[in-house]
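Student: Please take a close look at one part of this chain, a strand in a sheet, and then place that part in the rest of the fold. I would like the cut-offs stated with the terms.

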Amino acid sequence: IHGEMRVVINVKQLTRFFGAMFRDRDDEPVEDSEEESSSSAESFEETINGAMVMASGAVDQETRQLEEAQSAYDISLPARHLYLGEMEEEGQMTVADEDTTTVLPLLCIPHRVLFPGETLPMHIYNPHIIQMLRNARTTNKPVALCTLLSTASEEELAQPHPQELAQVGTTVDVVAFREEVESPGFYYGTCFVVKFQGRQRFRLLESFKRSNGTMEGRVAILPEEELPPLPPELRPCPQHILTGYMATQVMAREMECTPQVMARLDVGRKRMAAPWLSGSLCQVPAWVFNMYQLDYLRERLMAVKLMKVFASSEEGVASRLPSDLSHLSYWLARRLPVDDKVKLELLQLNCPTLRLIRGLQILDSLTLLCCTDCGREIAKKNHMFSMSVDGPLASYVNPGGHVHDTLTVLEATSVERMGLPSTENSWFPGYQWTILNCKGCSMHKGWYFEATRRNLKPVRFYGLTRSSLVLKSS
């Protein structure tokens, strides 16, 4: 036994071998009768069988010990972006008042949509952008990150055309940075290694370039327009019904909520929706009423099969979900493997309830992940899993400055490995990576990751670039 290799022994062949060996001994030749030789062979076979049973039990015990020795991967490591090296941590968290207008440094990134609460690592080589980040750190100002709708060169990033910029973006704070005077291998000059954290949504009103070459923009901080607790049609509800329902709703949000409380809450919903009790002019459909209820939306979200994957937890999914409606909508939006167009649609919604409902609709329609170039099926949604606390989809950057939204899956089809494996700048410590290309069109689709230590689980997985995939229904 070595590792997971097993040796299978044929007991009858072993019996005949030892029987022939004993009969061929030259020291004391013995002539046994057919009955004695038959009984001795049966006795020997029973002995061997007993030994094999004991050996099998020992093998199973050793296999269980080996499986127990395998440790689950620490999913907090990829979220720390250790491949970036030692960085100086910043405790800055800038939050502006909603519906206010301000002038902020403007950072334009091609095909990059960031949600509040999301982390974005970057290698920045543009001297104008580096100077802008230095000024922002000195003045303790956030940076307005805006999506550049077209691919641009390093020179065009310094002053993009206004029509190529998305109208909605996210303010970010620098939470960690390191400035390198020389970065050999990719760019000989100053490099700014930085981690951004998304804060608030904004609408871009105007963009302009300063005399020092840096970009700035006049932005309006967008509000989070939460729906009222009850629909307007249900406002003239009798006070005793309204008071009882609101009290039950408060109890349902507690951590120690019982099934009896949830049942009472459901009864309260039906009573309030009845026109003869509430005094409404018309009966309100149940789906309209549920749109206003955070508890119902959380229950529907937890009922999704992929929720354990999105929450990065096999148990305690409810404890991983944000309790605030706005944070919950962003939490779901940044985990959806959708393109930039759909992400911008979600970012433009001011109402967190509508944002959450739209995210649930996308989640229900997600079935297959196919190649954007040839349409071949690459993975299914039930192959998704989380290798990071950020969920199955997270952003990582390579030393060349290219940021990849990487989706981790356990199985992938129609892909082939290219080149030799490497552990250099691995986004997942303890794993080596190999480039993956599509078998149909030979376009780059991601990486194959394999554990470098035997005690890591999973042993191997795939990291697919989100930009190379398109969602389809079966």
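Tutor: What follows starts from one strand and works outward to its sheet, the cores and the whole chain.

The model is predicted: local features need pLDDT of at least 70, side-chain atom pairs count only at pLDDT 80 or more, and totals for chains, interfaces and linings use all residues. Residues are numbered from 1 along each chain as its sequence is written, and side-chain values use heavy atoms, with hydrogens and water left out.

The strand is β14, residues 431–438. Strands (E, at least two residues) and helices (H or I, at least four) are DSSP runs numbered from the N terminus. Six of the eight residues of β14 are buried, where buried means under 20% relative accessible area, exposed over 50% and partly exposed in between, with a 1.4 Å probe and protein chains only.

β14 has a partner on either hand; two strands pair if DSSP finds at least two bridges between them. Strand β13 (residues 415–422) runs antiparallel to β14 and is joined to it by five bridges. In this pair, Met 418 stands opposite Ile 435 of β14. Strand β15 (residues 444–451) is also antiparallel to β14, with seven bridges. Here Gln 432 stands opposite Glu 450, and Thr 434 has Tyr 448 as its bridge partner. The hairpin of β14 and β15 has five residues between the strands, and Ser 442 takes a positive phi near 65° there.

These strands belong to an open sheet of six, in the order β11-β12-β17-β15-β14-β13, with antiparallel pairing. β11 (393–397) and β13 stand at the edges with a single partner strand each, so one side of each is left without a neighbour in the sheet. From one strand to the next the twist averages 35°, with axes fitted as lines to C-alpha atoms (for helices over the stretch in contact) and angles running from 0 to 180 degrees between N-to-C directions.

A second open sheet has three strands in the order β10-β9-β18, again with antiparallel pairing. Its edges are β10 (377–380) and β18 (469–472), each with a single partner strand, so one side of each lacks a neighbour in the sheet. The twist in this sheet averages 30° from one strand to the next. Strand β9 (residues 368–371) pairs with β10 over three bridges, and Leu 368 has Lys 380 in β10 as its bridge partner.

Next come the cores. A nonpolar core is a set of buried Ala, Val, Leu, Ile, Met, Phe, Trp, Tyr and Cys residues joined through side-chain atoms within 4.5 Å. The largest has 49 residues, and Leu 301, Phe 310, Trp 331 and Leu 332 have the most contacts inside it. Helix α13 (residues 325–333) gives the most to this core, with six residues. Apart from this core lies another of 42 residues, among them Leu 120 and Phe 177. Leaving aside neighbours within four places in sequence, Phe 310 is in contact (heavy atoms within 4.5 Å) with residues including Trp 331, Leu 332, Met 384 and Pro 392.

For the whole chain, the secondary structure comes to 15 helices and 18 strands, and buried residues make up 45% of the 474 residues. Among contacts between residues at least 6 apart in sequence, 68% join residues at least 24 apart.
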